[in-house]
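Student: Can you walk me through the ligand site and the cavities here? I'd like the cut-offs along the way.

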Amino acid sequence: MNKRVAEPYKIKSVETLKMLSYEERERALILGGYNTFLLRSEDVYIDLLTDSGTSAMSDLQWAALMRGDEAYAGSKSWFSLESAVREVYGYRFVIPTHQGRGAENLLSQLKIHQGDFVPGNMYFTTTRAHQELNGATFVDVIIDEAHDPTHEHPFKGNVDLSKLESLIQRVGPDKIPYVSLAVTVNLAGGQPVSMKNMRDTYELCHSHGISVMFDATRCVENAYFIKERESGYADKPVKDILQEMMSYSDGCTMSGKKDCLVNIGGFLAMNDEDLYTRARELVVLYEGMPSYGGMAGRDMEAMAQGIYEAVDDNYIRHRIQQVRYLGQQLIDAGVPIVRPIGGHAVFLDARQFLPHLRQDEFPAQALAAALYLDSGVRAMERGIVSAGRNKVTGEHNRPKLELVRLTIPRRVYTDNHMDVVADSVISLYEKRDTVSGLEMVYEPPTLRFFNARFAPVPSSGK
Ligand SMILES: *Cc1c(COP(=O)(O)O)cnc(C)c1O
């Protein structure tokens, strides 16, 4: 089965890319404080900062925008979205939100009490921030393999059930409002959770009366990995696999900006009617009426259409294979990347890539800056800068993984763009000892990776 898979769409509208000179890129990088978040997008050639809200919509989604019903209450477009979520994901109740973190805010406020513990399979920035704002302590219960970037585990997002069980024993089930299960795990490298692990986690939790809430942001990608890797699923449509996955949860938060193929939007879904009733009241304070939750009618209509398109087997097969196409070129050239290749991104292992830099010299941040300078490709740091500081000691959190994420937007770039990215990363790897480290010259108090500014430490490179 080595048949090539081309993009399962044809291009109807194009956006011209600007290509800056080396000197122009250098100027842009200095202006942006060596933080790729602070670059202007028009100065970027291939933008792999994030797959969030950067998808290309289909002709049918653009047409759906015109069908948007902007009524304040009872909008037709809300009912389109609600039925798409119910049909594809299988939950009973849906609360629309402006994006994923809006749903995280509602869920955290509704379920967490001061002093609670929320176990999860590795943290996600906004998810953990909302849990902590509401007084919970996040506890990582992912399998140890997830912290090893070279380990070829097929389901590196899995929960270590013994870690979860011992937390339940230690703090008691009453102190655990829910388990927060990301499918796939962004910060582990877009790694999936197996169906068996979801089922086992759900059963363990329910035997203690604890509910399981998915972070469903990339659940379709997770479903495709199950189809490829878990026995019994090869011949099942992704849509059916997804339904089974969601049956092992009590609800989810969703960032529509990823697997729903839209530029903005999200939702909170659940099966529990009491939680739904309370969420309907809270959403009014933070997002808007429960029939729009911060979205325009047209946004909801486009998201409903995107939810159906995302579970098309041809779409998701190419999506995963395009990411793998980039990753495999890097592996073949000996570039250290997180293995196995994940669902939405290729992650460069900056510790291995730049062994001459200490973690305090922000190796992943330095590598992302160097890549932009080399070719105008924009990537994102996922390492010590993103991990922030310990609330109590004020020290840097020191994640084992120091990564640069090359995130592939959905349906935006062709495989030719992936070739250009691969060439740049490989040439940078060949001259890696010329990359110098960075120092942080401005540090914002929360989610510092968005706005921090850096300057090179000239002595750290050679
Ligand atoms: C993007 C993301 C979120 C937050 O969603 P937004 O729509 O950006 O608010 C939550 N969890 C994961 C895993 C994400 O990737």
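Tutor: Sure, starting with elements: helices (H or I, at least four residues) and strands (E, at least two) are DSSP runs, numbered from the N terminus. This is a predicted model, where local features need pLDDT of at least 70 and side-chain atom pairs count only at pLDDT 80 or more, while totals for chains, interfaces and linings use all residues. Residues are numbered from 1 along each chain as its sequence is written, and side-chain values use heavy atoms, with hydrogens and water left out.

Student: Which helix gives the most to the shell around the ligand?

Tutor: A residue is near the ligand if one of its heavy atoms lies within 4 Å of it. Helix H4 (100-111) and helix H5 (125-133) each supply at least two residues of that shell. The one giving the most, with three residues, is H4.

Student: How many residues surround the ligand?

Tutor: Gly100, Arg101, Asp215, Ser255 and Lys258 are the closest. For the classes, Ala, Val, Leu, Ile, Met, Phe, Trp, Tyr, Cys and Pro count as nonpolar, Asp, Glu, Lys and Arg as charged, and the others, Gly among them, as polar. The shell has one nonpolar, seven polar and six charged residues. The number surrounding the ligand is 14.

Student: How much of the ligand does the protein bury?

Tutor: Look at the polar contacts (pairs of N or O atoms within 3.5 Å; within protein, one must be able to donate a hydrogen and the other to accept it, and residues adjacent in sequence count only if both atoms are side-chain atoms). Ligand oxygen atoms lie 2.8 Å from a polar backbone atom of Gly100, 2.6 Å from a polar side-chain atom of Ser255 and 3.1 Å from a side-chain N or O atom of Lys258. Taken alone the ligand exposes 380 Å² (Shrake-Rupley, 1.4 Å probe), and the protein buries 97% of that.

Student: What is the volume of the largest cavity?

Tutor: On a 1 Å grid over the protein atoms alone, a cavity is a set of points where a 1.4 Å probe fits but cannot get out, and lining residues have an atom within 4 Å of a point. Points are joined across faces, edges and corners, and a volume is the space filled by probe spheres set on them. There are four cavities of 30 Å³ or more, and the largest has a volume of about 70 Å³.

Student: Which strand helps line that largest cavity?

Tutor: Of its 13 lining residues, Met122, Tyr123, Phe124, Thr127 and Ser180 are the closest to the centre. At least two lining residues each come from H5 and strand S5 (178-182). So the strand is S5.

Notes
1 Å grid on protein atoms, 1.4 Å probe; cavity = no way out; pocket = protein on both sides within 12 Å on 5 of 7 lines; lining within 4 Å.
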